[in-house]
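Me: Please take a close look at one helix end in this model, and then follow the packing outward from there. A formal account with the cut-offs stated would suit me best.

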Amino acid sequence: MLIFKLYYNPYKDFMILYFRLLKESFTFAMNALRNNKLRTLLSLLGVTIGIFSIIAVLAAVDSLDHKITKDLSSLDKNTIYLIKFSFGPSEIPQWKREQFPNVQYDEYTYLKSTMTNTDEIAYQIFTKRESIKYDSNVVSDVNMVPVSYEFIDIQGLEFDKGRFYNESEANSGAKVIVLGNEIANSLFEDIDPIGKSVRVYGQKFTVIGVLTKKGAGLFGDSNDTSAYLPVNFIRQSYGDNNTSLTNVIVFKPNSGVDMAAYKEEISQKLRTYRGLKAGEIDNFFINVFSGFTDLIDGIILNMKFGGWMISGFSLLVGGFGIANIMFVSVKERTNLIGIQKSLGAKNKFILFQFLFEAIILSVIGGIIGLFLVWIIAIVLTKALDFEFVLGMGNVLLGTGLAALIGLLSGILPAITASKLDPVEAIRTGM
């Protein structure tokens, strides 16, 4: 004969009772909110504004960070720019910096032939904007980018059609041009631009390539609104000592190179080439791209901190608003609390009842705030051609913050309600 032993599990019964208590408290809290619609709405505003403010700021900063990362993803963080300007603050007085000479093409060829541990070196000139014409179509204010042929390997340019110019075309200053996607579409519409001639600088240039569309650039110009041409054409047209032009030598070191030693090698070779004596300061700046990205990261971090500080006050006001409303709610329902307790309601039931009311109130306000951010994100993305990202992380953060604000704001009123004496509560209500 088999004998079955039945074991009593008090923990299981406790959990069932506990969840039933939570369900009843939740239902009671929802009924209380529905019965006081105006007060609920007024309470929601503070939390809604607070969550909207902080998540809007964080989403905007995250979108900015995403855009920066996307725009700069093609560049190696170790890319170096040798130029007469500094990308960041400098201890050298401005009047002295203004006397620094432009880097020259012969310095580029010298460094290209002597530098070690180097993948590529390119030469670029910053020049004024121009208009490009094809038949009757004209695109004005085009960002002209005169560069040497190595630039494609440093910048990581991608092509929709055609190609970049080669070493021979670059060295001879051939009249060939590579157009950004937006420029090509504006000039040629449905016509294939490859092999067609456009007019710029008063001369005809043959289109040999069209870049892949990238979208609006974060720092103004993007590849879509730029045109690339051989740097030697500009040198032949304007000369090497034109003060209206700014020259730069771009270095792409080999991966894993010691950056400090690499920068020191550039400095020593250029100082020797320029004949600078010991004790004289460098009359050039070696700007590492990673320093620029670190600067951007610092700005983004400060923006996030500022957003938290500003939005924190809104959340604080919202929290005080909920706490105030909950104290009023406790006072209004003192008689009902007394009746509930006299009928056997435990302190936990009363505590959860008011705590859930505060949390639900706050979470609803937070959800409304998140919904407003989502709507604005959609509108801004379509209106500004800028991808405004509301990530799941920010959604969870907003919801969690709202619940936390509700918990902190409602805990004191809930404890007050749970500790009321039933007889005194009924007498006070009468």
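Reply: Gly239, just after helix H8, takes a positive phi of about 85 degrees. The model is a predicted one, in which local features need pLDDT of at least 70 and side-chain atom pairs count only at pLDDT 80 or more, while totals for chains, interfaces and linings use all residues. Residues are numbered from 1 along each chain as its sequence is written, and side-chain values use heavy atoms, with hydrogens and water left out.

H8 spans residues 231–238; helices (H or I, at least four residues) and strands (E, at least two) are DSSP runs numbered from the N terminus. Within H8, Val231, Asn232, Phe233 and Ile234 are buried, a word that here stands for under 20% relative accessible area, against over 50% for exposed and partly exposed in between (1.4 Å probe, protein chains only). The cover over these buried residues includes helices H4 and H6 together with strands E2, E4, E8 and E9, where contact means heavy atoms within 4.5 Å.

H4 (residues 105–114) has its own buried set, namely Tyr105, Glu107, Tyr108 and Leu111. Viewed down the axis of H4, these residues fall within an arc of 155 degrees and therefore line one face of the helix; the arc is taken over directions from the helix axis to the C-beta atoms. An α-helix has 3.6 residues a turn, so residues three or four places apart point the same way. The buried residues of H4 pack against H8, and also against strands E1, E2 and E10 and helices H6 and H9.

The axes of H4 and H9 come within 11 Å and cross at roughly 130 degrees, the axes being lines fitted to C-alpha atoms, for helices over the stretch in contact, with angles from 0 to 180 degrees between N-to-C directions. H4 is therefore oblique to H9, since angles under 35 degrees count as roughly parallel, over 145 as roughly antiparallel, 65 to 115 as roughly perpendicular and the rest as oblique. The crossing of H4 past H9 is right-handed, that is, the near helix is turned clockwise from the far one by less than a right angle, whereas anticlockwise would be left-handed. On the H4 side, Asp106, Glu107, Tyr110, Leu111 and Thr114 take part, and they meet Glu265, Lys269, Leu270, Tyr273 and Arg274 of H9. By class, this contact has four nonpolar, one polar and five charged residues; Ala, Val, Leu, Ile, Met, Phe, Trp, Tyr, Cys and Pro count as nonpolar, Asp, Glu, Lys and Arg as charged, and the others, Gly among them, as polar.

Positive phi also occurs at two residues that are not glycine. Asp135 has a value of about 55 degrees and lies in the loop between E3 and E4; at 59% relative accessibility, Asp135 counts as exposed. Tyr201 has a phi of about 55 degrees and sits in the loop between E7 and E8, but Tyr201 is buried, with a relative accessible area of 17%. E4 and E8, which border these loops, also belong to the cover over H8.

As wider context, the protein contains 14 helices and 11 strands, and 42% of its 430 residues count as buried. Of the contacts with a separation of 6 or more, 79% join residues 24 or more positions apart.
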